[in-house]
Amino acid sequence: MSLKYAVLAALLEGEASGYDLAKRFDASMANFWQATPQQLYRELERLAGDGLIAARVVQQERRPNKRMFTLTEEGREDLRTFAVTPPRPTTIRDEFLVKIQAVDESDQDAARALVEERMEWARGKLARYDRLREILLDGRSEEEYLSTAERIGPYLTLMRGRAFEEENLRWGEQVLEILAHRKAVGSRP
């Protein structure tokens with residue numbers, strides 16, 4: 001999948017400048033799609049050129065003018081078509097997992113430190129997701145939100161991000177237990 005559809009989906013939240021869009025990516029899409037601000041700005045220009053989004057200039061005093069982007073009907077239709085097309089299977093390419101694959105040839109304490117670091121990262125992401133969840137729910141129960149919210153897509157992807165990080169923590173705990181057991185009985189690594 002290209003960045004194109006991630007940008008179109010982010011614009012479902014409403015009109016946004018490139019800066020606003022970068023913040024949206026950090027806040028609500030970072031659990032499943034990464035993009036730098038430079039990539040976003042290039043993609044916005046491409047999408048505007050293709051007629052999938054419209055741009056308007058907002059005059060500002062004491063600041064440079066900014067461009068605001070919205071989905072066009074053509075962009076919405078393209079996104080609808082994309083949303084019902086079966087995706088390719090997910091492929092994981094993770095340097096960390098290559099290091100764990102090689103644990104039998106590495107320093108056990110260093111491997112433990114890598115796992116602990118990854119677990120701490122997962123805890124941080126879960127805390128961020130919890131804050132985002134509270135913002136989305138805005139005092140409502142999950143059931144009420146899912147029944148009445150105008151858009152539930154951001155919450156559904158948030159649920160997936162949470163599940164992913166929770167599983168990272170469970171797996172990390174297992175790995176640490178296995179490494180500790182192997183160390184206690186004198187096994188390699």
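**A guided look at the protein chain**

The protein chain of this predicted model carries 30 positive and 33 negative side chains, and the centres of the two sets lie 3 Å apart.

Visitor: What makes a side chain count as positive or negative here?
Guide: Lys and Arg are taken as positive, Asp and Glu as negative, while His and the chain ends are left out. On that basis the protein chain has 30 positive and 33 negative side chains.

Visitor: Which elements build the protein chain, and in what order?
Guide: From the N terminus on, they run α-β-α-α-β-β-α-α-α-α-α. That gives 8 helices and 3 strands.

Visitor: Why is the protein chain called more spread out than a compact globule?
Guide: For 189 residues the globule rule gives 16 Å, but the radius of gyration is 21 Å, well over that value, so the protein chain is more spread out than a compact globule. Its C-alpha trace spans about 70 × 45 × 40 Å along the principal axes.

Visitor: How do you know that helix H1 is mostly covered?
Guide: A residue is called buried when its relative accessible area is under 20%. In H1 (residues 3–10), 6 of the 8 residues meet that mark: Leu3, Tyr5, Ala6, Val7, Leu8 and Ala10. For the protein chain, buried residues make up 31% of the 189 residues.

Visitor: What covers the buried residues of H1?
Guide: The cover includes helices H2 (18–29), H3 (37–49) and H4 (73–84), along with strands E2 (53–58) and E3 (66–71).

Key
Residues numbered from 1 in each chain as written. Predicted model: local features only at pLDDT ≥ 70, side-chain atom pairs only at ≥ 80, totals over all residues. Heavy atoms only, no water. Helix = DSSP H or I, 4+ residues; strand = E, 2+ residues; numbered from the N terminus. Rg over C-alpha atoms; globule rule 2.2 N^0.38 Å. Buried < 20%, exposed > 50% of the residue type's maximum accessible area, 1.4 Å probe, protein only. Charge placed at Lys NZ, Arg CZ, Asp CG, Glu CD. Contact = heavy atoms within 4.5 Å.
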